[in-house]
Amino acid sequence: YNVENEPPKLEKGESIIEGNVWVDKYTGEIKFDPKKNRDDHRHHAIDAITIALTEQGYLQRLSTYNAQRKDKQRQKLDSTEKFPEPWLGFDKDVKKAVNAILISHRKKDKTLTKSKKGFSVRGQLHKENVFGLRKAPDQEQAYHRRTKITELKNNKHINKVVDITIRNIILEHLKDNCGVNISNPKGFNVPNDAFVKDGAWQLFLPNRNGGPVPIKKVRIKEVIGNAIQLKSNINQYVNPRNNHHVLIYRDEDDNLKEDVVQFWTVVERLLQGGDIYQLPNDGKEIVTVLETNDMFLLGLSNDEFILRKDDVHFLRKYLFKVQKIAGGGYFFELCFRYHTDSRKDGEAKYNYKYVKNFGKGVTGWYTLNPIKVKIDILGNINKF
């Protein structure tokens, strides 16, 4: 079973290798199998060179070599078997080649495709839910939608329930019947069987005659800053699914500004025969455009880039891709990720770099000085 241990303190030149520790049932030996590192996109290059240099005879010799090496460790046999490198200095050459790799991230450039019936959108225009703009008694106007009560999974979901009476019924039920600490400052989760147990509904409201009616659905409210009305005469709104790009531009007073453009807006521009990238009314010139998977050099001056533009070993330390674009209204945020990092979002988020303003602080545009570049499929780098 799993035992949580504190990681050891590393000395200079040491690193932690993740893997599996197991006991050989035939010899009683404790063995260690290191886990393959898939946190770096360059592991595909290691796989490629391994496959390129593999022959059936090599596999047979490697199997024999490992068997004899283990026998020697057990002091059963003096092995003289050698397994030579493919060529002299092989490991150094591979390391040098891998360290020179610049990862090329594919972009999805198509927004619309033409079909027999007109145009098809390449992606989701908005999230699945449709909202109505309403104002509950003694509450501010908000976007409401109905959902199954079983979709309420934690305190944040419950706090969105519009009807205060139903919200209080839910909280009292969780406290009295489910043993949930609803006063926990860190929040709480709703047990899976809180609302339906053994096929029976647990919460009820009285009907006109006083009979119990199960609470199966609730109305919740959402704060949507950029909601779009589907039709002008219908109270139906949607939340645009994602931002397409951020356009950085200079206004008439030479100030840097941003224009966060939604995918929905881009589709409308194309359908009307316009350009994807459009300078706002107060704009003088476009500085750059950022989309997901665009490649940028961060923390490097323009002069340094010109002097070292052919030195991939130097440039790779500053190369990042656009991971996420957030913003609209009162804020914007650009999230960058190191180009070789292949970890899941939650695992890599602490190593992201952010641009949140046009100042000279840690997250300022002038500090990181994003330089847009293009990486082709062979890893060649050029200024975009």
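Tutor: The expected span of a helix is 1.5 Å times one less than its number of residues. Keep in mind that this model is predicted.

Student: How far does helix 5 reach from its first C-alpha to its last?

Tutor: Helix 5 covers residues 164–177, which is 14 residues. At 1.5 Å a residue, 20 Å is expected. The model comes close to that, with a reach of 20 Å.

Student: Which side-chain atom reaches toward the backbone nitrogen of Thr-165, and within what distance?

Tutor: Look at the start of helix 5. The atom belongs to Asp-163. It is a side-chain oxygen, within 2.9 Å.

Student: Why are the buried residues of helix 5 on the same side?

Tutor: The buried set is Ile-166, Arg-167, Ile-170, Leu-171, His-173 and Leu-174. Asp-176 and Asn-177 are exposed on the other side of helix 5. The buried residues share a side because the arc they cover around the axis is only 160°.

Student: What do the buried residues of helix 5 pack against?

Tutor: One partner is a helix, and two are strands. In order, they are helix 4 (155–158), strand 9 (204–206) and strand 11 (217–222).

Student: Is Lys-35 buried or exposed?

Tutor: Lys-35 sits in the loop between strand 2 (30–34) and helix 1 (43–52). Its relative accessibility is 52%. The cut-off is over 50%, so Lys-35 counts as exposed.

Student: How far apart in space are Lys-35 and Glu-18, C-alpha to C-alpha?

Tutor: In sequence, 17 residues separate them. Lys-35 nevertheless touches Glu-18, and also Gly-19. From C-alpha to C-alpha, Lys-35 and Glu-18 are apart by 5.6 Å.

Methods
Residues numbered from 1 in each chain as written. Predicted model: local features only at pLDDT ≥ 70, side-chain atom pairs only at ≥ 80, totals over all residues. Heavy atoms only, no water. Helix = DSSP H or I, 4+ residues; strand = E, 2+ residues; numbered from the N terminus. Buried < 20%, exposed > 50% of the residue type's maximum accessible area, 1.4 Å probe, protein only. Arc of directions from axis to C-beta. Contact = heavy atoms within 4.5 Å. Polar contact = N/O pair within 3.5 Å; in protein donor to acceptor, adjacent residues only side chain to side chain. Lists of a residue's contacts leave out its neighbours within four places in sequence.
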